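Please open the model in your viewer and set the display to cartoon. The stops below follow one another as a series of selections.

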Amino acid sequence: MTSKSKIDIVVADATGSLYAKEPKVYPREIEGRFQRWRTIAVFWLLGMFYAFPWISIGGQQIVLFDLPARRFHVFGMTFWPQDFYLLTLLLIIAALSLFFFTAVAGRLWCGYACPQTVWTEVFLWMESKIEGDRNARMRLDKAPWSANKVWRKSAKQFVWITFALWTGFTFVGFFTPIRELGAEVMQGTLGGWESFWILFYGFATYGNAGYLREQVCKYMCPYARFQSAMFDRDTLVISYDETRGEPRGHRRRDTARFGPASAALEISNPLDTEVPAGQQRVLGDCIDCLACVQVCPTGIDIRKGLQIECIACAACIDACDAVMDKMEYPRGLIRYTTENALLGRPNRLLRPRTLIYAFILASVIGAFSWLVTARDAVIIEVLHDRNALFRTISQGAIENSYNVKLVNKTDADKLLSLRTESGLPLRMIGKPSVTLAPNEVFSLPLTLRADRGATSGRQPIEVLVLDDQGTVLARGKSHFFGPEEP
Ligand code: SF4
Ligand code: SF4
């Protein structure tokens, strides 16, 4: 830092606050092909969020994270604590997907799918419906308080708060059956924790999407900080084509942008393919209308180059394309492109980085799918009697007792029976069997007997659980104890 810049900062500190207040961003509404994709993403993602808790199949909510019962119900599958390694794999898949898509297409997640982006879109839409377009909102904020301002601001707050509370309620509905939750709300019997989480999540939605907006992306989101590590010269980014756009300036539509090759103002570049043969550019395609800046939800000017604040929402592409159409210039002054393409070099979609990410991602997805489909339908836990390792009965036979805990993880009744496997001549006393309802947990007593002299000390055994067809569904390990032979 130069001594001059230090002096500048000291002077600023002495005259003002320690930090500059962020000016409020008023993004202008925009239409265009990327905005349509963003709208589809909003409907699809929020549609899933708000609808899933209300859909039940066979009386079971299709997505329910039942923490007290330690079970997760997801699209007809029930996951138990024993399945939590799958959750780890799922998180690894999410992280690898982020790496892969970021390496290929930049901040796709930020622009189209991040909850912060999606809910901010909805809050902005509600704001624009109540307070008007960008200019009307700016005028309203600057205007002194009046009946019109009080009415519009109150209406906006009412709609925002209602929507935020509904969001909080829906969020809790993924953890508590939502219909029961709704009944508790209606009857005023909502529990303390549920009330807390509805208000907490509702408040987070209201604050983040209503007020913090782009500041979450700029200052709070860690992804914005490390995503550049996944970028390379072939990553798709949204860029302003400086070669084509400069020198920028206002002009009439019929103003000539190209002149004879001998023109005094010489701006020639071999990458500028728009220039007719024998001519050179005297005026760039950017008419400096600032439409791209006005639509930007983070309030930046993409013409200054790629910036960390850019969430790749592509609103500036739609805005600039509309301007290009009006000027009858080719679209794409701001576009999805790569650093290599802007430098006139070939693009490489298949490169070591993307191939490695794709390979690892496909492998983990494959392993996850196999593990999900090959999961045991039944959980078995064999607990040896803690009071006596063994007992000797008539004629010196040895008996061991066990408690076999069975869990039916499927959504259908299951008739289950037991069998043992070991190197010992063991007999099962009785025929332990039980019919378990879906997700039922049951403890079945089991007694095994060995003839005198047939066993000694501690011997490993396996207890098998079978369905009514005799198929082995799961195996549990334990031991058979007998007197130590000299
Ligand atoms: S919208 Fe296009 S023409 Fe207008 S200022 Fe931005 S880059 Fe230039
Ligand atoms: S610069 Fe363009 S793509 Fe980036 S955040 Fe702003 S409008 Fe979206």
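This is a predicted model. Begin by selecting glycine 132, which directly follows helix 5 and adopts a positive phi of about 100 degrees.

Step back next to helix 5 itself, residues 115–131. Its 17 residues reach 24 Å from the first C-alpha to the last, close to the 24 Å expected at 1.5 Å a residue. Show the side chains of Thr117, Trp119, Thr120, Glu121, Phe123 and Glu131, which are buried. Then colour the elements against which the buried residues of helix 5 pack: helix 2 (33–51), helix 4 (108–113), helix 6 (134–142), helix 7 (147–172) and helix 9 (192–212).

Now centre the view on ligand 1. Of the 15 residues around ligand 1, those that come nearest are Cys286, Cys289, Ala291, Cys292 and Cys320. Two elements, helix 13 (291–294) and helix 14 (315–327), each give two or more residues to this shell; helix 14 gives the most, with three residues. By character, the shell comprises 12 nonpolar residues, one polar and two charged.

Keep Cys292 selected. Its contacts, not counting residues up to four places away in sequence, are Ile302, Cys316, Ala319, Cys320 and Ile334.

Widen the selection to the largest nonpolar core, of 27 residues, in which Ile238, Cys292, Cys316 and Ile334 touch the most other members. Strand 6 (237–240), helix 13 and helix 14 each give two or more residues to this core, and the largest share, five residues, comes from helix 14. Domain 1 (24–229) and domain 2 (232–342) both give residues to this core, so the core lies between them.

Finish at another core, apart from that one, with 20 residues, including Val407, Leu418, Leu436 and Phe480.

How values were computed:
Residues numbered from 1 in each chain as written. Chains lettered and ligands numbered in written order. Predicted model: local features only at pLDDT ≥ 70, side-chain atom pairs only at ≥ 80, totals over all residues. Helix = DSSP H or I, 4+ residues; strand = E, 2+ residues; numbered from the N terminus. Expected span 1.5 Å × (residues − 1). Buried ≥ 20, exposed ≤ 12 C-beta atoms within 10 Å, placed from the backbone. Contact = placed C-beta atoms within 7 Å. Near = placed C-beta within 6 Å. Nonpolar A, V, L, I, M, F, W, Y, C, P; charged D, E, K, R; others polar. Core = buried A, V, L, I, M, F, W, Y, C linked by C-beta atoms within 7 Å. Domains from an automatic or database assignment.
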